[in-house]
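Let's take a friendly walk through a protein model together. Keep the sequence and the 3D view side by side as you read.

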Amino acid sequence: MNVESIKVTGRGLALAYAVATLTILSIISRDPVLAIVAAPLALTLALDLVALMLRARGECRVELDRGELRLHLGDRVEVNGRIKCGDVIDVMPGGLLRVKGLKRGSQATVSFEVEGLHVGSYEVTGVDVLRVTPLGTLTFTSRAPIRLNVRVTPRAAYLLALAYEVLAGGGPNPGLSELESIVRSDSGVYVYTREYIPGDSLRRVDWKATARRLRFMVKEYRLELGSLGLLALDLRCLGERTCDDIASAALLIAIGLPVEGRINVLELDTGRLLEMGQRELLAYTISRILEPEIAGRLDLQEYVPPPTLGELQRIALKLGYKTKTKTIQASTQGATAILTTLLVENQKTLEVVEKARSRGDTTIIVTPRKPWLDMGSLEQAYIAYTTYTKTAAKIKNMGAELYTCCPPTKL
C-alpha cells in the first residue's frame, strides 16, 4: 500500500468525537437510540478508511510536458504536469522541484520550478502528494511516480568552447550577439525589454511596458567595452556559482574586446601588470580558467575537451613572447574594468578605483550575482552579504559603475 502517512481531518475528528460521545452515553444510560444514531457515523468513518485503502492501492502519477532538461548553473525552468488522480489537495516540494501552482479537479495540473543549484546530472523519480478520502475525513500522503532528467552545466563551458573557436578562427563569433546582456547593470547601453525574473533589480523595471503587458518587465543594459584601457582581474572564487559567474564574465570580456589596440591587464592576486592584444588576452583568459580553482570546481574538462600539448605550447608562447610585463604604476588610457567578487582583498580593488578616479577615467566593476550564496553557513553568508553591499555602496559613491554576471535565464 502506497501510504507514507495518514492524518484525520477536522471533519473526521468531529465524527470520531460524536461517535465516541454517543457510544459512551448509550452505555451509561442504556439507551439504544443513541447507539442507533452513532452507528451511521461510525460507518461513515469505516467506509472512508476502506476508500483510503483502495485508493492507496491505485497508482497516482504525474505526467510532465517534458522529461529532460538542460540548463545552466543557477537557471530556473518552469515545467508543467498533469496529476492522474482527482483526490490530490497538495503537492510537496522536494529535491530539485519547487511547486509554483496547483489546480485541483478531476484532472489536476501542477507547475514546478526547477533550479540548477549544482553542476551535474540528476534524475527525479517521484514526488509526494497529499490526497483526501471521498468523505473528507482522512488525508494521506503517497508517492507519485514522475520522470524528469536534469542536466546542469556551467555557463562557462559554453563560453570556453566559444573562446576556443574565436581563438582558432581569428575573428569574432557571429553568435556573440546572443551574449550581449550576460553582464548587466541598472544603467548603460540599452538593449531590450524582457519579462522580470526573480533576482532582477527593481530599479530596472520598465513601468510603461509593465502597464501595457500587465506583468513586470525590466530593461536590459549591456557592458560597453570599446574604450577599455585597464582590466583588473581577481579570479579567486568561493564556490560553483561564483566560479561560473567569474569565469563567464572573464571569457565574455575577452571575447567581446575589440581586436584593435592593446590593453593592460592587472592581476589583483599577484600584482602583475601585463600588456596584451585581444587574441593574447583570450589565450591568457583560457589558461587562467583552466587552472584547478575554477576548472576543478566546475568540472570544465568534462564539457570542453582539454587542449592538446601543442595547443598549450602555442598559448604559452603567446603569453611568454608576446606579453610584456610592466610595473603596477604604469599609466593607462581609457576606462578601467575590474572583475572581482568584492569579497577577497577589497583594499586592492578600492585602490584601483581610486587611481582611475584620480585620472578621470570611467571605472566598471563586474561581480558575480549574489556571491554570498556560496558561503558554507548562514552566518558566513550574512557576513559576506554585508561585506559585499557595503563595498558595492562605497565604490558607487566613488563614481564606479557596478555590473553583475551572470543573470539566470527563464526557459
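## A four-stranded sheet

Four strands form an open sheet in the order β2-β4-β7-β6, and their pairing is antiparallel. At the edges sit β2 (62–64) and β6 (97–103), each of which pairs on one side only. On average, neighbouring strands of this sheet are turned by 30° against each other, direction ignored. For such angles, axes are lines fitted to C-alpha atoms, for helices over the stretch in contact, and angles run from 0 to 180 degrees between N-to-C directions.

Look at β2 and its partner β4 (residues 76–83): they run antiparallel and are joined by three bridges. One of the residues to find is L64, whose bridge partner in β4 is G81. Two strands count as paired if DSSP finds at least two bridges between them.

## How to read the model

This is a predicted model, in which local features need pLDDT of at least 70 and side-chain atom pairs count only at pLDDT 80 or more, while totals for chains, interfaces and linings use all residues. Residues are numbered from 1 along each chain as its sequence is written, and side-chain values use heavy atoms, leaving out hydrogens and water.

Helices (H or I, at least four residues) and strands (E, at least two) are DSSP runs, numbered from the N terminus.

## Helix α6

Now turn to helix α6, with twelve residues (278–289). From its first C-alpha to its last, α6 reaches 16 Å, close to the 16 Å expected at 1.5 Å a residue; the expected span is 1.5 Å times one less than the number of residues.

How many residues of α6 are buried? Ten of the twelve are, so α6 is mostly covered (buried means under 20% relative accessible area, exposed over 50%, partly exposed in between, with a 1.4 Å probe and protein chains only). Among them are L281, L282, Y284 and R288.

## Salt bridges

Side chains of opposite charge can pair when their charged atoms come close. The structure holds 22 salt bridges, each a side-chain nitrogen of Lys or Arg within 4 Å of a carboxyl oxygen of Asp or Glu. One joins D269 and R288 (3.4 Å, N to O). D269 lies in the loop between β13 (263–267) and β14 (273–276) and R288 in helix α6, so this pair ties together parts that are 19 residues apart in sequence. D269 is partly exposed at 27% relative accessible area, whereas R288 is buried at 11%.

Back in the sheet's edge strand β2, E63 forms a salt bridge with R61, their closest N and O atoms being 3.1 Å apart. Elsewhere, R76, R98, E113, E115 and R241 are linked in a network of salt bridges.
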